[in-house]
Amino acid sequence: MLVVMGLLGAAVLIALIVTLGHANRQRDRALELQAHSYDVMILARTLSGTIARSEASLGRYVISGDKQLGQLYFDEWLLAGTQIDRLDQITNDNPEQQPRVDRLRAAYDARGRELSLTALNTRYGKNGQALARYYQGRKAPTLIEINTTLDTLIARERALLDDRTAAALGSVERSSWVAGVLAIFGVLIVLGAILLGWFTIRAVGERATALADAELERERADELTTAVAAATAELRVQEAKLRQIQKMEAVGQLTGGIAHDFNNMLAVVLGGLELARRNLASDPASVRRHIDSATEGANRAAALTRRLLAFSREDSLKAETIDAAALVSGMSDLLDRTLGDAITVIVRDDAAGGCVRADRVQLENAVLNLAVNARDAMNGRGTLTVATGTTTLAAEQVGRCAAGDYVTIIVGDDGCGMAPDVAERVFEPFFTTKEVGKGTGLGLSQIFALVQQLHGEVGIVSAPGKGTTVTLYLPRAAELAAMPLPTVPIAMVEPSAAPTMPETLQILVVEDDPRVLAATTGALEEIGHHPIACDDPLAAPALLAANPGIGLIISDVLMPRQTGPEMIAALSPLYPHVAVLFVTGFAGEVNVAQFGGHEVLRKPFTLNGLERAVMTAMATERRETNHPIAAE
């Protein structure tokens, strides 16, 4: 019996070994076939992505004309061809997939010829034809054939993978059944071996199932990742196109508005001067009238230039601490006179002494512009509310504002209001809801630029028939020291008495533009001074040394070789007794602090303005010295 039981035990052991070996071989074969199917599906997905990237690169090449993008399209398309070759190799063992690969290669070749025509049109500058061909090609049968073939190939490979997985599971189940039977026969011989064999086979089955499930989940994750990446790339391309279109639209609107307004003003100037020239001998009164008309046109052009500089944030601000409530209260008389008796102005102060750092004149102009717009919206009759207050905002609660305390200036009316699509565009330059000739469209854009320059934000609430409320959010500054508040707006204060003009001065005029230099020296001669012209700031020290009687330097700010503030900074230690007057129409990158407290005269200027600026500059306190050598 012991021999028989030993033989039976050996037979059971041999049968178990044979069964497990067969199961392992079946499992390894199933895993190999699964890996092969995954390779086919991954390669097909990669090929789809390569073709999509190639066509996207071609689209960007058509739009931009960048040859690097064209090369990228060509490289990606060649890579797709090599991937088709690889797909042909790994599906060679499956006759069912070969016809699909052949159709895919034919569609790829046909699609390549279509895209090559688009690329050639772009290469030879036919961008319009290339763009039309590109968008038409997005619905081409060849592209549909490629995508359909790839989807069919992947679907068939996935079905084959499912069959192979089921076969592997069936093999494991059959092996488990045989092992169970053998375990029953050998339970009296070697209970421990049967239990060990049973646990081993069960573990093998669970492992195979887990591997199959894990592979399926990984495939789903890869598909989702690929889809998200493709959608993201397409969204970025569309966003880039939209931004470019918006930029071109804004530039076109800006240049068109500038050209329109400047042509109108130049027509007035040129027409007035031409009429004055014709009537110079025959009708002196008419000459004066035409010159006045030309002067008015030039002044309007200068005002438009100042608005453009403020809009572009290149016009420097003279910041000071301002009590918002006092500023609005001081403007009440000005608002009453400007808006007329039919407008009821209500001024409300909820700011509790809130102060801001801003340019007083520009801030007053902003409030006045908002009030005038409100009057026009009410057709000259209604109620205007101007209120000040304080608030605390979270980051980006209004626009892109930073978190912190803000002072608000609210201008509200009960006029006609605006539709949402109009309210979204009111801060665009040269966009206006007024009739032709009644508005330049720069008022609100200038206010927007000013508030942005002060690191604040603008909010607008409007609806048709319910009026409009515009709120300026300005960062709150430290409180003012106790002092008497002004009772009248700055725009209404009477000018102080002009300084006494000294006797004839020797004035060094530093200006790189010969026409402006000639005009400035002529104007100085007209008001009784002796100008010395200098067209290069680096030549100014020599002229000062050669003319010790110079008492004033009039200098442009932006010059090619050296800026005016840089020249004065180098000359001031040697000539502290010489007064300085800066003349500029565009300060550029120069900061107000770099003017060193010297008087600044804005271009264009009149003779009276120049004369007053010279007197003010000469009245500025400075150190006295007899000669530059003594100062040195």
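Display the accessible surface of the whole protein: in this predicted model the accessible surface comes to about 35,100 Å², and 58% of that area belongs to carbon and sulfur atoms. Switching to a cartoon shows 17 helices and 12 strands. Colouring by burial marks 39% of the 632 residues as buried. For a view of the fold as a network, consider contacts between residues at least 6 apart in sequence: 74% of these join residues at least 24 apart.

**A buried loop residue after α2**

Select Thr 91, which is found in the loop between α2 (67-90) and α3 (98-123). Is Thr 91 buried or exposed? Its relative accessible area is 1%, and Thr 91 is therefore classed as buried, the cut-off being under 20%. Apart from neighbours within four places in sequence, the residues in contact with Thr 91 are Val 40, Gln 97, Gln 98 and Val 101.

**From Met 331 to the α9/α10 pair**

Next, centre the view on Met 331, in the loop between α8 (324-330) and α9. Met 331 is buried as well, with a relative accessible area of 1%. A C-alpha to C-alpha distance drawn from Met 331 to Val 347 should read 9.8 Å, for a separation of 16 residues in sequence.

Now select helix α9 (residues 332-339) together with helix α10 (residues 360-377). The two pack at an angle of about 35°, and their axes are 11 Å apart. The crossing of α9 past α10 is right-handed. Which residues make the contact? On α9, show Leu 334, Leu 335, Thr 338 and Leu 339; on α10, show Leu 368, Ala 371, Val 372 and Arg 375. Sorted by class, the contact of α9 with α10 has 6 nonpolar, 1 polar and 1 charged residues.

**Strand β4 and the loop that follows**

Move on to Thr 392, placed in strand β4. Thr 392 is exposed, at a relative accessible area of 56%. Gly 404 lies 12 residues from Thr 392 in sequence, and their C-alpha atoms are 5.7 Å apart in space. With neighbours within four places in sequence left aside, Thr 392 is in contact with Gln 397, Gly 404 and Asp 405.

Then pick Glu 396, in the loop between β4 (382-393) and β5 (404-413). What is notable about phi of Glu 396? The angle is near 60°, a positive value in a residue other than glycine. Glu 396 is exposed, with a relative accessible area of 59%.

**A second positive phi**

Select His 455, in the loop between α12 (443-453) and β6 (457-462). Phi of His 455 is near 65°, again a positive value in a residue other than glycine. His 455 has a relative accessibility of 63% and counts as exposed.

**The buried face of α15**

Finally, select helix α15 (residues 564-571) and show its buried residues: Gly 564, Pro 565, Met 567, Ile 568 and Leu 571. Why do these residues line one face of the helix? Orient the view down the axis of α15: its buried residues fall within an arc of 160°, so they occupy one face. An α-helix has 3.6 residues a turn, so residues three or four places apart point the same way. To see what packs against the buried residues of α15, add β8 (506-510), α14 (540-546), β10 (550-556) and β11 (579-584) to the selection.

Terms used
Residues numbered from 1 in each chain as written. Predicted model: local features only at pLDDT ≥ 70, side-chain atom pairs only at ≥ 80, totals over all residues. Heavy atoms only, no water. Axes fitted to C-alpha atoms, helices over the stretch in contact; angles between N-to-C directions. Helix = DSSP H or I, 4+ residues; strand = E, 2+ residues; numbered from the N terminus. Left-handed = near helix turned anticlockwise from the far one by under 90°. Contact = heavy atoms within 4.5 Å. Nonpolar A, V, L, I, M, F, W, Y, C, P; charged D, E, K, R; others polar. Buried < 20%, exposed > 50% of the residue type's maximum accessible area, 1.4 Å probe, protein only. Areas by Shrake-Rupley, 256 points an atom, 1.4 Å probe, with all protein chains shown as cover. Arc of directions from axis to C-beta.
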